[in-house]
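Colleague: Could you walk me through this model? I'm new to this, so I'll keep my questions short.

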Amino acid sequence: MQPSEVIDIVPSAYEKGLASGDLLFFPSSVHHVEENGIKYEIRLCPALQKKPQPKDSSQADSEKKTYDPFSPPYNPNLFIGYLPNQDRGDEAYAILMNKYSVVPNHFLMVTKEYQSQTSPLTPDDLLNSYKLLIAARKARKNVFAFYNCGDLSGASQPHKHLQFIQIEDEHGPPIEKITRGINLETPDRPFTVNRLSYANHVFRFPSTLSSLSENEQEATLAQAFLSLLDLAISTIRHDPNYPAGKPSYNVILTLEHLHVIPRSKEYHSLESNGDQLPVNSLGYAGMLLVKSETELEAVKGEGISKILRSVGLGSVHEQQVMGDTVDVDVPGGIQVGGSRI
Ligand code: AMP
């Protein structure tokens, strides 16, 4: 299947999933909060309180070990098709509709063979994802991809899966709007968005990327990811209290940028009532999810920057800068640069 076919089929597959009862839609309302020049979106979705919570009971935990929804045979009402491995040409990825959708047309790209969600993105993962984003743009849809990697990243399924969300705003998710505004002197190097409260590592793709050959696209994407992963791991190593085990991080991929955000915790404990607020890549894209009015008020009261810092890490970019120029990201105004690493 071609990426353009996937993009074309998603809306009808979504309707088919809904009609069959295999795809569940959870209605929500969107609330905006502006902090530090970033217009965050908080989605209030009370219906999620009724969603099955596999992590909450030991019985569900043992079921999870035996049942993998991302391994074949797939539910035909959620399955869209396969995407190939670029080198071998065989079916390497399955495209599935998200069974529990808060946003319509949310789909997943899962590896056909089991791979762990704690493993880094491969060049092929990145290229196939990027091609889906290009196909979406050609179809005039604003789609971005994300990957929750590792136990502390907010992932709920252990089988490797990238996720694709369609949004209305042509400028992308909130984080992308401020990232786009940053003016870089040497755009081929990773940088940090200084105004954010947490460690973040970003790479801006060359503006010609979508018109390059697939081999060149793959090389650019892979190199960008590796350089950001190196920085994320370096950030993690600076934290003496980082939990043992594989590193966790969130990845956000748009047509213009790749973001990697190292994670220290899966949940933020809300100050007002101790509720555990899960945060995943979407939170770092600037799109948070809460399940009640109480949580909504708690998040607004506590502040999103503080919450994202608490489940992320502190920036150590000063230590990471080695003899390179440091520019300044001017909050709320015209950017004169991020900090180049
Ligand atoms: P994450 O929670 O980030 O690991 O993402 C896993 C996604 O897979 C969630 O958005 C779930 O809604 C979705 N999901 C869970 N079970 C299924 C399933 N059987 N088929 C398709 N999507 C699923």
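Colleague: Which elements each supply at least two residues of the lining of the second largest pocket?

Modeller: Helices (H or I, at least four residues) and strands (E, at least two) are DSSP runs, numbered from the N terminus. The elements that each supply at least two lining residues are β2 (29-35), β3 (38-44), β9 (161-167) and α4 (174-180).

Colleague: Before we go on, what kind of model is this?

Modeller: Residues are numbered from 1 along each chain as its sequence is written, and side-chain values use heavy atoms, with hydrogens and water left out. Local features need pLDDT of at least 70, side-chain atom pairs count only at pLDDT 80 or more, and totals for chains, interfaces and linings use all residues, since the model is predicted.

Colleague: Back to that pocket: how many residues line the second largest pocket, and what is its volume?

Modeller: On a 1 Å grid over the protein atoms alone, a pocket is an open set of points with protein on both sides within 12 Å along at least five of seven lines, a cavity is a set where a 1.4 Å probe fits but cannot get out, and lining residues have an atom within 4 Å of a point. Glu-41, Arg-43, Ile-167, Glu-168 and Asp-169 lie nearest the centre of this pocket, and the lining has 18 residues. Grid points are joined across faces, edges and corners, and a volume is the space filled by probe spheres set on the points; here that comes to about 400 Å³.

Colleague: Which strand gives the most to that lining?

Modeller: By class, the lining has seven nonpolar (Ala, Val, Leu, Ile, Met, Phe, Trp, Tyr, Cys and Pro), six charged (Asp, Glu, Lys and Arg) and five polar residues (the others, Gly among them). Three residues come from the strand that gives the most, β3.

Colleague: Where do β2 and β16 stand in the sheet, and why is one side of each left without a neighbour?

Modeller: Two strands pair if DSSP finds at least two bridges between them. The three strands form an open sheet with mixed pairing, in the order β2-β3-β16. β2 and β16 (287-290) have a single partner strand each, so one side of each has no neighbour in the sheet, and their place is at the edges.

Colleague: Over how many bridges do β2 and β3 pair?

Modeller: Val-30 stands opposite Arg-43 in β3. The pairing of β2 and β3 is antiparallel, and the count of bridges is seven.

Colleague: Which helix packs on the sheet at about 160° to β3?

Modeller: Contact means heavy atoms within 4.5 Å, and angles run from 0 to 180 degrees between N-to-C directions, with axes as lines fitted to C-alpha atoms, for helices over the stretch in contact. Helix α8 (residues 304-311) lies across β2, β3 and β16 at about 80° to β3. The helix at about 160°, which touches β2, β3 and β16, is α7 (residues 293-302).

Colleague: Which helix gives the largest share of the lining of the largest cavity?

Modeller: The search of the whole structure turns up three cavities of 30 Å³ or more, and the largest holds about 60 Å³. Its lining includes Ile-7, Val-10, Pro-11 and Asn-105, with five nonpolar, two polar and one charged residue in the full set. Three lining residues come from helix α1 (residues 3-20).

Colleague: Where does Asn-105 lie?

Modeller: Asn-105 has phi near 70°, a positive value in a residue other than glycine. Its place is the loop between β6 (100-101) and β7 (107-111).

Colleague: Which residues does a cis peptide bond join?

Modeller: Omega is about 0° at this bond. One partner is found in the loop between α2 (58-66) and β4 (79-84). The joined residues are Pro-72 and Pro-73.
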